Amino acid sequence: MSDRSQAIIGRNLNLVYERPGAEPVAALQDVSFTIEDGQFISLIGPSGCGKTTLLKIFGDLLAPTSGELTIGGSAPSLLRQRRVIGQMFQDATLLPWKTIGDNIALLGDIAGKKPTREEVASLAEMVGIGRFIDSYPHELSGGMRQRAALARAYALKPRILLMDEPFGALDEITREQMNDELVRIWSGSRLTVIFVTHSIAEAAYLSDRVFVMAPRPGRVVADVRIDIPRERRAAERFGAELTRCAEEIHHHLVTNMRKPDDGHDAD
Ligand SMILES: Nc1ncnc2c1ncn2[C@@H]1O[C@H](COP(=O)(O)OP(=O)(O)OP(=O)(O)O)[C@@H](O)[C@H]1O
Ligand SMILES: [Mg+2]
């Protein structure tokens with residue numbers, strides 16, 4: 001189900017970091033795309049290729065040096081004002097002196113969307129930590145803290161969820177569980193997700209499309225479509241179709257490791 005009216009369109013996005021006394025860094029060069037409403041997009045690429053930079057442009061934390069990003073025809077600043085952009089990072093960034101329930105409610109409170117006690121309880125239940133609502137962050141495992149961070153983002157009732165390596169610090173099996181939880185929750189609401197990961201398997205498993213990025217200058221070199229029905233993926237995580245998609249992503253990553261202007265230096 002797509003709704004072009006809420007499409008996210010990037011046109012020739014460039015981002016140059018200017019640093020006094022140092023060479024400017026071309027973090028993004030000529031990045032263009034159209035993302036349909038409700039799509040799950042992963043960004044994958046080696047360290048320094050501009051994934052976080054692009055995510056910050058989505059979240060209106062950075063303005064592109066040139067080019068334009070629009071969300072449903074509007075600048076991202078409008079959505080940020082309406083607080084419909086949720087964010088999640090590698091670290092859960094929960095406030096240690098607040099309970100899990102209060103942490104989940106926090107951003108909603110700040111945004112003036114004041115989730116009720118019942119709403120907070122149901123969000124905690126949704127991410128599988130209903131029993132820990134009165135616990136403090138240090139009493140939870142890393143995976144459970146990320147669940148709380150996911151519930152906190154959902155309390156904003158976002159249209160777009162930006163996730164920067166949210167499961168990168170988790171062990172493989174916990175990460176797989178979190179992938180399944182995320183898909184389950186996302187399937188119920190179908191907001192647009194932009195998900196940064198270093199894991200090829202995770203990107204293939206979760207996404208409708210995977211944007212493969214390359215560094216120096218940071219750019220999108222491939223848009224790999226994962227045309228495998230959601231219902232089949234959980235049962236076939238290591239099946240032939242997902243493996244083929246993972247191989248395609250891997251191929252783009254490896255062939256773009258080198259700078260475009262030198263044929264021999266992989267560094
Ligand atoms: N505030 C900044 N000032 C100057 N350069 C920056 C700044 N932030 C990022 N960069 C540079 O821009 C490039 C892209 O950085 P970015 O953080 O977007 O990469 P990334 O793909 O998210 O990397 P990682 O996988 O390590 O998180 C890098 O070369 C980085 O050093
Ligand atoms: Mg990053």
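Which residues does Phe-238 touch, not counting residues up to four places away in sequence? In this predicted model, Phe-238 touches Glu-176 and Thr-243 under that condition. Phe-238 is located in the loop that runs between α8 (230-233) and α9 (240-255). Its relative accessible area is 69%, and the residue is therefore exposed, the cut-off being over 50%. Relative to Leu-95, Phe-238 is 143 residues away in sequence, and the C-alpha to C-alpha separation of the two is 38 Å.

**Aromatic pairs**

A pair of aromatic rings is described by the distance of the centres and the angle of the planes. Five aromatic pairs occur in the structure. In one of them, the planes of Phe-33 and Phe-58 stand at 25° and the ring centres are 5.6 Å apart, so the pair is stacked. This pair joins distant parts of the chain, since Phe-33 belongs to strand β2 (residues 22-35) and Phe-58 to helix α1 (residues 51-58), with their positions 25 residues apart. Both Phe-33 and Phe-58 are buried.

A further pair, formed by Phe-40 and Phe-195, is tilted, with 5.7 Å centre to centre and 45° between the planes. Here too distant parts of the chain are linked: Phe-40 is in strand β3 (residues 40-44) and Phe-195 in strand β7 (residues 192-196), 155 residues apart. Phe-40 has a relative accessible area of 0% and is buried. Phe-195 likewise counts as buried, at 0% relative accessibility. Phe-40 and Phe-195 belong to one aromatic cluster together with Phe-167 and Trp-186.

An aromatic ring also takes part in an arrangement with a charged group: the charged end of Arg-237 sits over the ring of Tyr-205, at 3.8 Å from the ring centre.

**Arg-175 in helix α6**

Arg-175 is part of helix α6 (residues 172-189). Is Arg-175 buried or exposed? With a relative accessible area of 13%, Arg-175 falls under the 20% limit and is therefore buried. Apart from neighbours within four places in sequence, Arg-175 contacts Phe-167, Gly-168, Leu-170, Thr-197, Ser-199 and Glu-202. One of these contacts, Phe-167, is also a member of the aromatic cluster that contains Phe-40, Trp-186 and Phe-195.

**Packing of helices α3 and α4**

Two packed helices are described by the angle between their axes and the distance between the axes. Helix α3 (residues 100-110) packs against helix α4 (residues 117-126) at an angle of about 105°, and the axes are 10 Å apart. This angle makes α3 roughly perpendicular to α4, because angles of 65 to 115 degrees are classed in that way. On the side of α3 the contact is made by Gly-101, Ile-104 and Ala-105, and on the side of α4 by Val-120, Leu-123 and Ala-124. By type, the residues of this contact comprise five nonpolar, one polar and no charged.

The buried residues of α3 are Ile-100, Gly-101, Asn-103, Ile-104, Ala-105, Leu-106 and Gly-108. Gly-101, Ile-104 and Ala-105 thus appear both among the buried residues of α3 and in the contact with α4. The elements that cover the buried residues of α3 include α4 and α5. Just after α3, Gly-112 adopts a positive phi of about 80°.

**Backbone geometry**

Most residues other than glycine have a negative phi, and most peptide bonds are trans. The following table sets out two residues with a positive phi.

| Residue | Phi | Location | Relative accessible area |
|---|---|---|---|
| Asp-30 | about 50° | strand β2 | 49%, partly exposed |
| Lys-157 | near 50° | loop between α5 (142-154) and β6 (160-164) | 53%, exposed |

Neither Asp-30 nor Lys-157 is a glycine. Asp-30 lies in strand β2, the element that also holds Phe-33 of the stacked pair. Lys-157, by contrast, lies in a loop.

The peptide bond from Arg-216 to Pro-217 is cis, and its omega is near -10°. Pro-217 is situated in the loop between β8 (209-214) and β9 (219-225).

Technical notes:
Residues numbered from 1 in each chain as written. Chains lettered and ligands numbered in written order. Predicted model: local features only at pLDDT ≥ 70, side-chain atom pairs only at ≥ 80, totals over all residues. Heavy atoms only, no water. Phe/Tyr/Trp six-rings, centres within 6.5 Å; stacked < 30°, edge-to-face > 60°. Helix = DSSP H or I, 4+ residues; strand = E, 2+ residues; numbered from the N terminus. Buried < 20%, exposed > 50% of the residue type's maximum accessible area, 1.4 Å probe, protein only. Lys NZ or Arg CZ within 6 Å of the ring centre and 35° of its normal. Contact = heavy atoms within 4.5 Å. Axes fitted to C-alpha atoms, helices over the stretch in contact; angles between N-to-C directions. Parallel < 35°, antiparallel > 145°, perpendicular 65-115°, else oblique. Nonpolar A, V, L, I, M, F, W, Y, C, P; charged D, E, K, R; others polar.
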